[in-house]
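Work through the exercises below with the sequence and the structure at hand. Try each task before reading its solution.

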Amino acid sequence: MGLFDNAVPGGNVAKPLMIALGVLLVGKMLSGGSSAQTDPAQSPAPVPPDTTASADGGLLGGLGGLLDKLKDAGHGNAADSWVGTGQNQPIQANDLGNALGPQVIREIAQRTGLNEQDLLKQLSAALPGLVDQMTPNGQVPQQNQLASIFSKFSS
């Protein structure tokens, strides 16, 4: 898978992680459908308006929205290290979960079939390298460029 193999520890991006990243960063294109697939008996909690972005910008408004969430939660140094050209700082799964918020984590977990702890563990391991690979020369790509990157791996 090229870009993703070099960014993720172990060099293998499992489909649930790709779905999670797609839902988080570029919208519903990789989720395999709409939220109508969820069990009606387990209706998800409503997502506050400030955590929901347009369908083509992921749950947080794309990569820029993710970085803003991390900065707002006090993890700006880590987020900046991923975008910058130096060493990538790690982020703990708990810290990532707190930054993203429980509703976002719950929705991504439902779409991927992963439990919330496994999801956060995989995302916290993958995001530093993936963001680093997606931001060459310290530049955050436009949303359409990001969508193009993910669309290559949606099949």
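**Exercise 1: The overall fold**

In this predicted model, residues 24 or more positions apart account for 71% of the contacts in the protein with a separation of 6 or more. Determine how many helices and strands the protein has, and state what share of its residues counts as buried.

Solution.
Step 1. Count the elements: there are 8 helices and 0 strands.
Step 2. Write the elements in sequence order, which gives α-α-α-α-α-α-α-α.
Step 3. Turn to burial: 43% of the 155 residues count as buried.
Step 4. Turn to the surface: the protein exposes about 7800 Å², and carbon and sulfur atoms supply 47% of this area.

**Exercise 2: Helix α4**

Explain why helix α4 (residues 76–83) can be called largely enclosed by the rest of the structure.

Solution.
Step 1. List the buried residues of α4: Gly76, Ala78, Ala79, Ser81, Trp82 and Val83.
Step 2. Compare with the length of the helix: 6 of the 8 residues of α4 are buried, so the helix is largely enclosed by the rest of the structure.
Step 3. Find the partners: the buried residues of α4 pack against α3 (62–72) and α7 (116–134).

**Exercise 3: The crossing of α3 and α5**

Describe how α3 and helix α5 (residues 93–100) are arranged, and classify the residues in their contact.

Solution.
Step 1. Choose the quantities: two packed helices are described by the angle between their axes and the distance between the axes.
Step 2. Read both off: the axes of α3 and α5 come within 8 Å and cross at roughly 105°.
Step 3. Apply the cut-off: angles of 65 to 115 degrees count as roughly perpendicular, so α3 is roughly perpendicular to α5.
Step 4. Name the residues: α3 contributes Leu66, Lys69 and Leu70, and α5 contributes Leu96, Ala99 and Leu100.
Step 5. Sort them by class: the contact has 5 nonpolar residues, 1 charged residue and no polar residues.

**Exercise 4: Two single residues**

Decide whether Ser124 is buried or exposed, then do the same for Met18.

Solution.
Step 1. Place Ser124: this residue is found in helix α7.
Step 2. Apply the cut-off: buried means under 20% relative accessible area. Ser124 has 11% relative accessibility, so it counts as buried.
Step 3. List the neighbours: not counting residues up to four places away in sequence, Ser124 touches Ile91, Gln92, Ala93 and Leu96.
Step 4. Place Met18: this residue is found in helix α2 (residues 15–25).
Step 5. Use the same cut-off: the relative accessible area of Met18 is 4%, so Met18 is buried.
Step 6. Relate sequence to space: Met18 and Leu123 are 105 residues apart in sequence, and their C-alpha atoms are 9.8 Å apart.

Methods
Residues are numbered from 1 along each chain as its sequence is written. This is a predicted model: local features need pLDDT of at least 70, side-chain atom pairs count only at pLDDT 80 or more; totals for chains, interfaces and linings use all residues. Side-chain values use heavy atoms; hydrogens and water are left out. Buried means under 20% relative accessible area, exposed over 50%, partly exposed in between (1.4 Å probe, protein chains only). Helices (H or I, at least four residues) and strands (E, at least two) are DSSP runs, numbered from the N terminus. Contact means heavy atoms within 4.5 Å. Accessible areas come from the Shrake-Rupley method with a 1.4 Å probe; for residues, only the protein chains shown count as cover. Axes are lines fitted to C-alpha atoms, for helices over the stretch in contact, and angles run from 0 to 180 degrees between N-to-C directions. Angles under 35 degrees count as roughly parallel, over 145 as roughly antiparallel, 65 to 115 as roughly perpendicular and the rest as oblique. Ala, Val, Leu, Ile, Met, Phe, Trp, Tyr, Cys and Pro count as nonpolar, Asp, Glu, Lys and Arg as charged, and the others, Gly among them, as polar.
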